[in-house]
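Q: Could you take a close look at one part of this structure with me, namely the aromatic residues and what surrounds them? I would enjoy one connected walk through it.

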Amino acid sequence: PQEISLSIVCAEGIYKAKTILKNVINDSPYTFFFLLIPQDVDFQQNREYFRVEIALDCIYSYEMDDKFINLNTKTIDISASGITVLVPSLDAVSKEAYLNISAAGKKIKTKVKYIRSEKMEGGYKVSFRYKDISEHDRDYISQICIQKQLADKRKLLD
């Protein structure tokens, strides 16, 4: 047993706590962590902008073997600071890549930096932070996020 810091990443931010790791069991393909229930869980909002779940068409471009590869894909979520897209395999993940996002009739082109990935059915969710985006495009994405958030809240009221 040892004291650990536990971080749980969620769409709205990160939850952090200190707890005791009691045991770890590897049972391929799974790893089980046995923890004491954390007593004090703190919410740490680490996002400058909120994320919304939305499926927008986009082209994910990356370089491999001195040539550019373009993948037609969809967004999973988006914010004014970053985006998550679906890719078929981690072979397509590059530390730096480009996105051409189709958002409400407008094309937004930006360079992105890899943050993290997560396996899911049908491929991988890959999160990126915008590396080179104009303020005009960032504002446009913010407007899309606000409209989506309002639409989601209206659905809850119906």
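A: Happily! Let's start with F128, which is buried, with a relative accessible area of 1%. Please keep in mind that this is a predicted model.

F128 belongs to an aromatic cluster that also takes in Y60, Y62 and Y114. In total, the structure holds 5 aromatic pairs. One of them joins Y60 and F128: the ring centres are 5.5 Å apart and the planes meet at 35°, so this pair is tilted. Since Y60 sits in strand β6 (residues 57–64) and F128 in strand β11 (residues 123–132), the pair ties together parts that are 68 residues apart in sequence. Both Y60 and F128 are buried.

F128 has another ring partner in Y114. Here the centres lie 6.4 Å apart with the planes at 75°, so the pair is edge-to-face. Y114 is in strand β10 (residues 106–120) and F128 in strand β11, so this pair links parts that are 14 residues apart in sequence. Unlike the buried F128, Y114 is partly exposed, at a relative accessible area of 27%.

Now let's follow Y60 outward. Leaving aside residues up to four places away in sequence, Y60 touches I69, N70, L71, T73, V87, A92, V93, S94, A97, Y98, L99 and F128. Y60 is also among the residues with the most contacts inside the largest nonpolar core, together with I78, I83, L99 and I101. That core has 26 residues, and the elements giving two or more residues to it are β6, β8 (82–87), β9 (96–103), β10, β11 and α1 (135–157).

Next to Y60 in strand β6 comes S61. With a relative accessibility of 11%, S61 counts as buried, because the cut-off for buried is under 20%. The side chain of S61 makes a polar contact with the side chain of N70, at 2.5 Å. Beyond four places in sequence, S61 touches F68, I69, N70, A97 and Y98.

The helix α1, one of the contributors to the core, deserves a look too. Its 23 residues should span 33 Å at 1.5 Å a residue, and the end C-alpha atoms are indeed 33 Å apart, so the two values agree. Within α1, the residues D137, R138, Y140, I141, S142, I144 and C145 are buried. An α-helix has 3.6 residues a turn, so residues three or four places apart point the same way. The buried residues of α1 pack against β5 (52–53), β7 (67–78), β9, β10 and β11.

Y140 brings us back to the aromatic theme: K106 lies over the face of Y140, at 5.6 Å from the ring centre. A similar arrangement involves K119, which lies over the face of Y124 at 5.1 Å from the ring centre.

Finally, a few backbone details round off the picture. Most residues other than glycine have a negative phi, and most peptide bonds are trans. In the loop between β6 and β7, D65 has a positive phi of about 55° although it is not a glycine. D66, found in that loop between β6 and β7, has a positive phi as well, near 60°. D65 is exposed, with a relative accessible area of 67%, and D66 counts as exposed at 75% relative accessibility. Elsewhere, the peptide bond from S28 to P29 is cis, with omega near 10°, and P29 is found in the loop between β2 (13–27) and β3 (30–35).

Key. Residues are numbered from 1 along each chain as its sequence is written. This is a predicted model: local features need pLDDT of at least 70, side-chain atom pairs count only at pLDDT 80 or more; totals for chains, interfaces and linings use all residues. Side-chain values use heavy atoms; hydrogens and water are left out. Rings of Phe, Tyr and Trp (its six-membered ring) pair if their centres lie within 6.5 Å; planes under 30 degrees apart count as stacked, over 60 as edge-to-face and the rest as tilted. Helices (H or I, at least four residues) and strands (E, at least two) are DSSP runs, numbered from the N terminus. Buried means under 20% relative accessible area, exposed over 50%, partly exposed in between (1.4 Å probe, protein chains only). A charge sits over a ring if NZ of Lys or CZ of Arg is within 6 Å of the ring centre and within 35 degrees of the ring normal. A nonpolar core is a set of buried Ala, Val, Leu, Ile, Met, Phe, Trp, Tyr and Cys residues joined through side-chain atoms within 4.5 Å. Contact means heavy atoms within 4.5 Å. A polar contact is a pair of N or O atoms within 3.5 Å; within protein, one must be able to donate a hydrogen and the other to accept it, and residues adjacent in sequence count only if both atoms are side-chain atoms. The expected span of a helix is 1.5 Å times one less than its number of residues.
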